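Hello,

Here is the structure I promised to pass on to you. Please have a look at it first, and then read on for what turned up in it.

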Amino acid sequence: MHNVKNNLLVILGFLVLGSLFAFTNHRNSNRVTASDKIIFTSENNLFISESLVNKLLIQKHNNASITTKETLALDSIENRLRNIPHVKNAEVYVSVNGLINAKITPRKAIGRIYSSNPRYIDEEGFEMPLTSQYAERVPLVFNYKSESKENLVALLQKIDGSSFFKQLVVGLYCEEKSEFRLKIRDYKGSIELGSIDNLDTKLKNFKVFYAKAIKDELFKKYRKINLQITNQVVCTK
């Protein structure tokens, strides 16, 4: 009799625990999700607003204004975020407390193509549209030629990676045979860069020349500066 009573207590205990587990699981699965945390992996997130990400995270289901963890299609939301032109990558997941978290990697604009269809170009050569939310201060690219994209991106990366040239260069012109001309601040003349061969040397030579040119007011005397000859800066009046 004693054993029967113990067995009944054990069974009752299992039933109680099972009920609690089922209740907890049901409550957790139907917990409302919310986008409480959006992580941008770069400070360069000005093209993308948190409100835009939130709109994509909060999905409607069965005419409801919110969705449960159980019905939330994370892969679908990730794909929608990745389809935003200014987003390089996105990861969406649900935290242990039932809230949605989004990790966003924005694209970084390093040039702005000047044409009837103006757009930015990023460090991987990806072209993305302008946005009314923010305008990035990057060099304007004139006479853009798609066949020169690889060399153009390499040049823009060098400019973007140097605080000196990033402040100085306001535009560049794409010429034939993947050659380029630079346009710098406060100078109306032409700076002939040529191809990107020996690019580091050319930029280094110009940086040295620039210090002397500012001191001696050489930019007022010359209408063209040629960097194409190795280890030389040739000026033309």
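How many bridges join β9 to strand β10? There are three, and the two strands run antiparallel, with β10 covering residues 190-194. One thing to keep in mind as you read: this is a predicted model.

**The sheet**

Those two strands belong to an open sheet of nine strands with mixed pairing, in the order β6-β5-β4-β7-β8-β9-β10-β11-β12. The edges are held by β6 (127-129) and β12 (234-236); each has a single partner strand, so one side of each has no neighbour in the sheet. From one strand to the next, the twist averages 30°. At the β6 end, β5 and β6 pair in the antiparallel sense through three bridges, and Y120 has M128 in β6 as its bridge partner.

**Around β9**

Strand β9 (residues 180-184) is a good place to start exploring. On one side, F180 has G194 in β10 as its bridge partner. The hairpin of β9 and β10 has five residues between the strands, and D186 there takes a positive phi near 65°. On the other side, β9 pairs with strand β8 (residues 169-174) in the antiparallel sense, over five bridges. L172 and L182 are bridge partners in this pairing. The hairpin of β8 and β9 also has five residues between the strands, and here K177 takes a positive phi near 60°.

Which residues of β9 lie on its covered face, and which on the uncovered one? F180, L182 and I184 make up the covered face, while R181 and K183 make up the uncovered one. This fits a general pattern, because side chains in a regular strand alternate between the two faces of the sheet. From the uncovered face, R181 places its charged end over the ring of Y173, 4.3 Å from the ring centre. A similar arrangement is found elsewhere: R107 lies over the face of F126, at 3.8 Å from the centre of the ring.

I184 also gives you a link to helix α5 (residues 163-168), where Q167 is found. The C-alpha atoms of Q167 and I184 are 8.9 Å apart, with their positions 17 residues apart along the chain. Q167 counts as exposed, at 55% relative accessibility.

**Aromatic rings**

The structure holds 10 aromatic pairs. One of them joins Y114 and F142 in a tilted arrangement, with 5.2 Å from centre to centre and 50° between the planes. Y114 lies in the loop between β4 (109-113) and β5 (119-122), and F142 lies in strand β7 (residues 140-142), so the pair ties together parts that are 28 residues apart in sequence. Is each partner buried or exposed? Y114 is exposed, with a relative accessible area of 53%, whereas F142 counts as buried at 16% relative accessibility. There is also one aromatic cluster formed by F164, F165, Y187, F206, F209, Y210 and F219.

**Two helices**

Finally, take a look at helix α4 (residues 149-160) and helix α6 (residues 199-216). Their axes come within 12 Å and cross at roughly 40°, which makes α4 oblique to α6. The crossing of α4 and α6 is right-handed.

Enjoy looking around, and write back with any questions.

Best wishes

How values were computed: Residues numbered from 1 in each chain as written. Predicted model: local features only at pLDDT ≥ 70, side-chain atom pairs only at ≥ 80, totals over all residues. Heavy atoms only, no water. Phe/Tyr/Trp six-rings, centres within 6.5 Å; stacked < 30°, edge-to-face > 60°. Helix = DSSP H or I, 4+ residues; strand = E, 2+ residues; numbered from the N terminus. Buried < 20%, exposed > 50% of the residue type's maximum accessible area, 1.4 Å probe, protein only. Lys NZ or Arg CZ within 6 Å of the ring centre and 35° of its normal. Pairing = 2+ DSSP bridges. Axes fitted to C-alpha atoms, helices over the stretch in contact; angles between N-to-C directions. Parallel < 35°, antiparallel > 145°, perpendicular 65-115°, else oblique. Left-handed = near helix turned anticlockwise from the far one by under 90°.
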